[in-house]
Amino acid sequence: MKISQKLISGILGIATLSGIIGAISAHQQLEIAKYLAQQEAEEVAGLLGYFVSHEFEDHKMRSRNEMLAHLQEHVESLHKQRQRDLEIVDRNKIILADVVTEDIGTLLDHDRNNEVGKTIQDGITRTYIETSPEYPNGIKLIAVAFKTSKNEMIGAVILEYTPLYQAALATAHKNILVTSVISLGCSIFALTAGYLLSITISKPIKQLQQAVMNLAEGKLNTRVSIRSQDEIGELATSFNKMADDLQSSRDELVNANEQLRDEITERQLAEAELQQALKDLKKTQIQLIQSEKMSSLGQLVAGVAHEINNPVNFIYGNLQHTDDYTQQLLLLIKLYQNYYPNPEPEIKNANEEADIEYLTEDLPKMLTSMKMGAKRIREIVLSLRIFSRLDEAEFKTADLHEGIDSTLLILQHRLKAQNNRPEIQVVKEYGKMPQIQCFAGQLNQVFMNLLANAIDALEDACQKELCPNPLIRISSEQINENAIVRITDNGIGIPKEIQSRLFDPFFTTKPIGKGTGMGLSISYQIITDKHGGSLQCISSPGQGAEFVISIPIRVAKSAQSSIGDRHKLNHI
């Protein structure tokens, strides 16, 4: 039943109805006052918590002292504007900012029932009353937790709203008094006063209540259009002013946060681009140096092989004729001895002095040794030419076994016994494999890197007395359409955490000055990018290491064309 209808029911019911309306209105105004006080306090504390959360997340761009100073400035500014005490504590209830600066850095001491601690733990906003000898009637406090964007609790904002609460109650009491007076007047002017009260009180209160609910939901652009000159009008004016202040504060915080986030993002992007450019520059520099070293080594080896090859061929070719002539001379001497067993004294003396019998026996052996030496030199020269591959720089077919053997020949001096270790044994287990299409010189570079690393690992193991019999095993086989080469050593192995970074540029476990960290990275690029294959490491600590090379024996025409284009670009 509406108020006007109740007023019409009679004078006797007017007083009772007026009392009921007054009581309801008084109760409603008290609840609204309490609610408004708590909601404003919670909103202020929530916005401050939002600001603190972003301060904590963005503190990487400033020092902790700067961040805490910034928080303290904001607390003092808010205290001057609102004239109320507030504190900011971390998750351990250590005060980070306070109106009383002497309390900063100390443990929060008025949280006797652990209301703040519970709020930090579960994130639920709590109101409680603090009593002390200084405040015998108690002061009302609200604790609002703040968290990171990852939903991690990092502290709480504690705000005093006793003045706001008392002001709201005082306003409510005034409204109750006014309502009581109006209720008495309504006894005389029943219908008219009841109708006017329903318009001037109920509707504005509902409007104000709805506005408060909207504000509590975060709709800070909510305003009430109440122009009355009573307490409700003042409350509406205060509400609008509070909403303006809250929206202005949030806008400032959001704008400052957005600006700071943009600056951080720009700096991070610039730094990331600079780091990537520097990394690419170092990588390119090392690759150029390595390419130049290998090219110079190839040219040097090819030149030496060519210069040695000509005189060796001359010597090797004339050794056969020398052998024939020697056999003829020895045969002639033997005939002379058969037909002239008693030579002249002068010839006999010369025969004894020259020791013809020993000369006849030793000269063929000398020629045979010279042939073997010349043949060995020719084999060495051939291996050097195979390793250099300057005449095979294009993508063509080659014998992998020849490349491995030539590389072993280059590294032969490192395989021999040293002062601190025995000779490194090399076991070859070559399977039947056709010639493959590849960049032979670059594959030789891969073999050189892997074999040199294996020797380094065995030398390190021998120095630590962990490998009494150093061994390198090289095996090859054909699996389907792929050529597989395995290079295994029995050193101390490679830890799991290092294996994932073996092929990264500039990563090395060798001492400074002994390795650039580009050998395996370049080898990986040669196998994967240039040949469309794979290079992987299989190792366990104490079990040695095995590097497995897998490359296609034949490359499709489209892939071969692509490889040829990349090879041309590399030489531009």
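**Exercise 1. The whole chain**

How many helices and strands does the protein chain have? Then say what share of its residues is buried.

*Solution.* Note that this is a predicted model. Step one: count the elements. The protein chain has 15 helices and 12 strands. Step two: turn to burial. Of the 572 residues in the protein chain, 39% are buried. Step three: look at contacts with a separation of 6 or more. In the protein chain, 65% of these join residues 24 or more positions apart.

**Exercise 2. Strand β1 and its partners**

Which strands does β1 pair with, and in which direction do they run? Then explain why β1 is described as largely enclosed.

*Solution.* Start with the partners. Strand β5, residues 153-160, is joined to β1 by 5 bridges, and the two run antiparallel. Within this pair, V89 stands opposite A156 in β5. Strand β2 is joined to β1 by 3 bridges, also in an antiparallel arrangement. Here I88 stands opposite A97 in β2.

Now check burial. 5 of the 5 residues of β1 are buried, so the strand is largely enclosed by the rest of the structure. Next, sort the residues by face. In a regular strand, side chains alternate between the two faces of the sheet. In β1, one side carries L86, I88 and D90. The other side carries E87 and V89. Both faces are covered, and these residues are all buried.

**Exercise 3. Two positive phi values**

Compare K93 and E465. Where does each residue lie, and is each one buried or exposed?

*Solution.* Take K93 first. K93 lies in the loop between β1 (86-90) and β2 (95-98). These strands form a hairpin with 4 residues between them. Phi of K93 is near 65°, a positive value in a residue other than glycine. The relative accessibility of K93 is 16%. Buried means under 20%. So K93 counts as buried.

Now take E465. This residue sits in the loop between α12 and β9 (471-479). Its phi is positive too, about 55°, although E465 is not a glycine. The relative accessible area of E465 is 73%. The cut-off for exposed is over 50%. So E465 is exposed.

**Exercise 4. A loop residue, S132**

Where is S132 found? Say also how far its C-alpha atom is from that of H110.

*Solution.* S132 is in the loop between β3 (126-130) and β4 (139-147). With a relative accessible area of 19%, S132 is buried. Along the chain, S132 and H110 are 22 residues apart. Their C-alpha atoms are separated by 8.7 Å.

**Exercise 5. Helix α10**

Why is helix α10 described as largely enclosed? Identify its buried residues and a contact at its start.

*Solution.* Helix α10 covers residues 400-410. Of its 11 residues, 8 are buried, so the helix is largely enclosed by the rest of the structure. The buried ones are L400, H401, G403, I404, S406, T407, L408 and L409. Then look at the start of α10. There, a side-chain oxygen of D399 reaches to within 2.9 Å of the backbone nitrogen of H401.

**Exercise 6. A five-stranded sheet**

What is the strand order of the open sheet of 5 strands, and which strands are at its edges?

*Solution.* The order is β7-β9-β10-β12-β11, with mixed pairing. The edge strands are β7 (425-429) and β11 (534-539), each of which pairs on one side only. The twist averages 15° from one strand to the next. Now focus on β11. Its link to β12, residues 545-552, has 6 bridges, and the strands run antiparallel. C537 stands opposite F547 in β12. Finally, add a helix. α14 lies across β11 and β12, at about 130° to β11.

**Exercise 7. Helix against helix**

How do the axes of α12 and α14 cross, and which residues meet?

*Solution.* Locate the helices first: α12 is residues 440-463 and α14 is residues 519-530. Their axes come within 9 Å and cross at roughly 145°. The crossing is left-handed. From α12, the contact uses Q442, L443, Q445, V446, N449, L450 and N453. From α14, it uses G519, L520, I522, S523, I526, I527 and K530. Sorted by class, the contact has 7 nonpolar, 6 polar and 1 charged residues.

Terms used. Residues numbered from 1 in each chain as written. Predicted model: local features only at pLDDT ≥ 70, side-chain atom pairs only at ≥ 80, totals over all residues. Heavy atoms only, no water. Axes fitted to C-alpha atoms, helices over the stretch in contact; angles between N-to-C directions. Left-handed = near helix turned anticlockwise from the far one by under 90°. Contact = heavy atoms within 4.5 Å. Nonpolar A, V, L, I, M, F, W, Y, C, P; charged D, E, K, R; others polar. Pairing = 2+ DSSP bridges. Buried < 20%, exposed > 50% of the residue type's maximum accessible area, 1.4 Å probe, protein only. Polar contact = N/O pair within 3.5 Å; in protein donor to acceptor, adjacent residues only side chain to side chain.
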